[in-house]
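Here is a short briefing on one protein model. It covers a cavity, an aromatic pair and the confidence of the prediction.

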Amino acid sequence: HRHPRGSRGRREIFEGAELMNDSDFISTAREVLKCEANSILAAVDRLDANFARAVGEILSHKGKLLVCGVGKSGLVAQKIAATLSSTGTPAVFLHACDAVHGDLGVYEPGDPTILISNSGATVECVRLIPILKKFKSTIIALIGNADSPMGRSSDIVLDASSHGEADPLGIVPTNSTTLAMAIGDALACALMKARKFSKEDFAKFHPAGQLGRNLLLDVSDVMTPAQDCATVSEGDSVRKVVIEMTRKPLGAACAVSPDGKLAGLVTDGDVRRMLQKTFDLDSMKCADIMTKSPVCASAGASLGQAVKLMEARKSKLSVLPVVSAEGVFLGLVRLHDIYQAQ
């Protein structure tokens, strides 16, 4: 049987890969991570007044910032622009090739530009510099070679030299792109601090995402109110508890005292664990299987705070009773309610 055209080469490559074992793969991965981490650590001491100048230029401009690159640097530029925009610094990604074919219309006089290139000699970016200067744009070069055409022509140079890549051939953008992205993050964080950008500000820019949802919404916005929850008394039989939990399937029943205060919580898991020991649902009482001091949330707590209460523990919770300051039972909030699609 003859191999179809091209398939033999692919099979040989695969068979060659089989010669490596799991420890080889893990070792390679660790070396890459160490190499990229070392590139970032080496850049820490190289940060100088140019970084502060770049932050100052961006802060002082009332308009937007353009972030520009080509290829992998272009992808890094997109990420940096997105991070800046979501943290209080209006930024737009501009592909260097598209710029000279009409997209320069996005510029307003004085809009600063971050140009990203590992070599500092990317032709499309070099050609843009004199054009951008006519827009009175401050050019901030985020480059891996300061002594390069871009380095010599820019107003501010941010040193992103990685001195080699992390891949086995030493040519694939790995160290260089990771370092450029990290410096972009450092810029965004410095600008956040300067603008006193708050969690509330962040939430405004992320109203549809879970991060924004956790910051913007309170437990009271998503909880199931008490009247729609399975509620029982401590002295009720487990049979009645199960019936109530079946009528109102929220994953738990709340034991409520005559004065309306929460006395305990019975979850689906509590019932299953009881059934492993006995099937007599009438002799067992709610008080025998309930948790008497369950973790609770207040109605005014943010969804983010509720998530921490439910997930930042060895045994995660799927449901959380909601009580008032006096301990009165107000309702239930489930992880499903917090993470549901909008």
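The lining of the largest cavity comprises 4 nonpolar, 3 polar and 2 charged residues. This is a predicted model. Its average pLDDT is 88.

**Cavity**
- The whole structure was searched, and 1 cavity of 30 Å³ or more turned up.
- The volume of the largest cavity is about 40 Å³.
- Its lining residues are I58, H61, G63, K64, L65, T89, P90, P112 and R195.
- I58, L65, P90 and P112 count as nonpolar, because Leu, Ile and Pro belong to that class.
- K64 and R195 count as charged, because Lys and Arg belong to that class.

**Aromatic pair**
- The model holds 1 aromatic pair.
- Y107 and F135 form this pair, with ring centres 5.3 Å apart and 35° between the planes.
- The geometry is classed as tilted, because the angle of 35° is neither under 30 degrees nor over 60.
- The two residues sit 28 residues apart, and their pairing links distant parts of the chain.
- Y107 lies in the loop between α5 (96-99) and β3 (113-117).
- F135 lies in the loop between α6 (123-134) and β4 (139-143).
- Y107 is buried, because its relative accessible area of 7% falls under 20%.
- F135 is partly exposed, with a relative accessible area of 25%.

**Confidence**
- A pLDDT of at least 70 is reached by 89% of the residues.
- Residues 6-11 have a pLDDT below 50.
- That stretch has 2 contacts in the model beyond near neighbours in sequence.

Definitions and conventions:
Residues are numbered from 1 along each chain as its sequence is written. This is a predicted model: local features need pLDDT of at least 70, side-chain atom pairs count only at pLDDT 80 or more; totals for chains, interfaces and linings use all residues. Side-chain values use heavy atoms; hydrogens and water are left out. pLDDT is the predictor's confidence in each residue, from 0 to 100. Contact means heavy atoms within 4.5 Å. Rings of Phe, Tyr and Trp (its six-membered ring) pair if their centres lie within 6.5 Å; planes under 30 degrees apart count as stacked, over 60 as edge-to-face and the rest as tilted. Helices (H or I, at least four residues) and strands (E, at least two) are DSSP runs, numbered from the N terminus. Buried means under 20% relative accessible area, exposed over 50%, partly exposed in between (1.4 Å probe, protein chains only). On a 1 Å grid over the protein atoms alone, a cavity is a set of points where a 1.4 Å probe fits but cannot get out, and a pocket is an open set with protein on both sides within 12 Å along at least five of seven lines; lining residues have an atom within 4 Å of a point. Grid points are joined across faces, edges and corners, and a volume is the space filled by probe spheres set on the points.
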